[in-house]
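Welcome! Here are some short exercises to work through with the model open beside you. Try each task first, then read the solution.

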Amino acid sequence: MMFGAHQVLRRMGYPGFVNQIVVELAGRIDVTPLRRAIDRLCHRYPVLAARIVPDGLIRWAYWSFRPGEVVDLHEADLDAPGRDPVMAYAQQILAIPFDLSRENPASFHLLHSPDGRDTLILHFEHAVMDSNALDSLILELDSLIRCDDHADPPPAPEPDDIRNYLKRFPFRTRLSAIFRTRTDPPPWRNGPAVTLVSRTLLLGPRPYRIAFREVPASTLAAVNARITKACGYPNLSMGLLASIFRAILEHVAEPPHRFGRLITHIGFNLRPPDEGDTTSVRNIATVMPIDASIDEAADRDGLLKTLSRRLRDRLKRQVDLGLLQLVYWHSRRIWFVRFPLKTLFMKRQSLNYGCFNSIIAPGATFAGVPIEAAYHVASTSSPPGLSLLANRFQGRLLFTAVYVPDAVPPSRMEAFLDRLISDFTA
Amino acid sequence: MNLNAELRSTITTRFMPGRAASLTDDADLFLLMDSLDVIRLVTHLEKTYRVEVDDSEMIADNLSSVTRIAAFLERKRASA
């Protein structure tokens, strides 16, 4: 399914559905044990070095495994210290298309800064896994680095099988998900989306840029207190979405239609009910649409309550199995899966995917070196030309906005982010 | 299995994979879980225990720990 999404984006001229996790370290790490740990990781998860072979009319594609193969670890020396050279490197590799039939769907990059710090980037195609799988993967890599060279690595989890995955949910739940797929109207039917992205659909390869913002822990604690006062509990995700919608409305690309809607899809970690603590290199997220009218965005705390209520209503009505719904489409013919994916990526939405990650698992150190920051970066698929991720790490909130300057001018992006932070923290 | 143990099991397997050891009955769930997971947890409680949770009841006193959730569910059941 995610390969289908990759193909749809590639045909629109974008490099595909590419993601990264960036782990900024306070010092240097030893490359030899890192390389050895990556090798062992690939033996445990052969999908990291597999190929995706496009198939005929019935299936999208299938995995071709290559036993013994490992993913690359690239090393690079940065010219200057700080985050900017890291972002420059990240955006450069993000813009290079993945050819999944010829190259590994993942690679590691270790960047050496002249001030003695290292940054590790895991760069991967979404067909392999999503951001929910990443934290535990980084944690596992860390444990492989630290474990004794001669010790046997812990046993690899059993290979995932989508049919077994689906069977873990009650039959009625699956049936309900299928039913909702066919009956639930998407929010964009209510009105055109209000967005930062210019209306012209951009085709062909374009350079990416990454803009970064950080909300410190003390400020975030005050924001949580404000949201708790308004909402009853620290509903940070909806508080954030309310400010994102309001900031979009202020820096919209074109005057909004009077029936315009603020529309996005919320990502949920959809780990099966009976699954324990195992690491999963796979896609385990689902998406659920949520929207608000322009009038509702006038009052920040009112919008927060409206979005919270609307999300609860959707969860009540629509079993939380968005992924299953797409899998349902996927299980049919190829032209069936194309339709929802094209709709997802080509229909204008304010943000295609509201992804609010809590990066908890990496912990305080990696390979014995303190972690200064960890965050996710995603290609510009939301809508084509813009992605915005909010990452919570050690009490801070880190925003990464990846955008195509031809779709969202840098001045508009910077003004939007500034407005978002000021609205959120005021 | 008593209600506390049942809730702890549900929360650790569904919403806190990989962090099971950190969950005690009085641990602050609002610090350990995503806000989206809190919303999913409430939906799960409504479905599993057949209770209606009003927006005004989504507060720390009712939801911020396993002990508080269990007490909240008992109160809801008693008043039903």
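A word before starting: this is a predicted model.

**Exercise 1. Describe the fold of chain B and decide how compact chain B is.**

Step 1: Count the elements. Chain B has five helices and zero strands.

Step 2: Put them in order. Starting at the N terminus, the pattern reads α-α-α-α-α.

Step 3: Check the compactness. The radius of gyration of chain B is 12 Å, close to the 12 Å that the globule rule gives for 80 residues, so chain B is as compact as a globular protein of that length.

Step 4: Add the dimensions. The C-alpha trace of chain B spans about 35 × 25 × 20 Å along its principal axes.

**Exercise 2. Set out burial, contacts and surface for chain A and for chain B.**

Step 1: Start with burial. In chain A, 59% of the 426 residues count as buried; in chain B, 51% of the 80 residues do.

Step 2: Turn to contacts between residues at least 6 apart in sequence. In chain A, 78% of these join residues 24 or more positions apart. For chain B the share is 55%.

Step 3: Finish with the surface. Chain A exposes about 17300 Å², with 53% supplied by carbon and sulfur atoms. Chain B has an accessible surface of about 3700 Å², and 49% of that belongs to carbon and sulfur atoms.

Step 4: For the elements of chain A, expect twelve helices and 14 strands.

**Exercise 3. Find the aromatic pairs and classify each by the angle between its planes.**

Step 1: Know how many to look for. Over all chains, the structure holds two aromatic pairs.

Step 2: Take A:Phe212 and A:Tyr375. Their ring centres are 4.9 Å apart and their planes meet at 65°; planes over 60 degrees apart count as edge-to-face, so this pair is edge-to-face.

Step 3: Locate both rings. A:Phe212 sits in strand S7 (residues 209–215) of chain A and A:Tyr375 in strand S12 (residues 369–378) of chain A, so the pair ties together parts 163 residues apart in sequence. Both A:Phe212 and A:Tyr375 are buried.

Step 4: Move to A:Tyr233 and B:Phe30. This pair is tilted, at 6.3 Å centre to centre with 45° between the planes.

Step 5: Locate these two as well. A:Tyr233 is in the loop between helix H7 (217–231) and helix H8 (236–250) of chain A, while B:Phe30 is in helix H2 (residues 29–32) of chain B, so the pair joins two chains. A:Tyr233 and B:Phe30 are both buried.

**Exercise 4. Explore the surroundings of A:Leu398.**

Step 1: Place the residue. A:Leu398 belongs to strand S14 (residues 396–403) of chain A.

Step 2: Judge its burial. The relative accessible area of A:Leu398 is 0%; buried means under 20%, so A:Leu398 is buried.

Step 3: List some contacts. Beyond its neighbours within four places in sequence, A:Leu398 touches residues including A:Phe212 and A:Tyr375, the two rings of the edge-to-face pair.

Step 4: Compare sequence and space. A:Leu398 and A:Tyr375 are 23 residues apart in sequence, and their C-alpha atoms are 6.9 Å apart.

**Exercise 5. Is B:Glu46 buried or exposed, and which residues does B:Glu46 contact?**

Step 1: Find B:Glu46 in helix H3 (residues 35–49) of chain B.

Step 2: Apply the cut-off of 20%. With 9% relative accessibility, B:Glu46 counts as buried.

Step 3: Look at the contacts. Leaving aside neighbours within four places in sequence, B:Glu46 is in contact with A:Arg312, A:Lys316, B:Val51, B:Glu52 and B:Val53.

Methods:
Residues numbered from 1 in each chain as written. Chains lettered and ligands numbered in written order. Predicted model: local features only at pLDDT ≥ 70, side-chain atom pairs only at ≥ 80, totals over all residues. Heavy atoms only, no water. Helix = DSSP H or I, 4+ residues; strand = E, 2+ residues; numbered from the N terminus. Rg over C-alpha atoms; globule rule 2.2 N^0.38 Å. Buried < 20%, exposed > 50% of the residue type's maximum accessible area, 1.4 Å probe, protein only. Contact = heavy atoms within 4.5 Å. Areas by Shrake-Rupley, 256 points an atom, 1.4 Å probe, with all protein chains shown as cover. Phe/Tyr/Trp six-rings, centres within 6.5 Å; stacked < 30°, edge-to-face > 60°.
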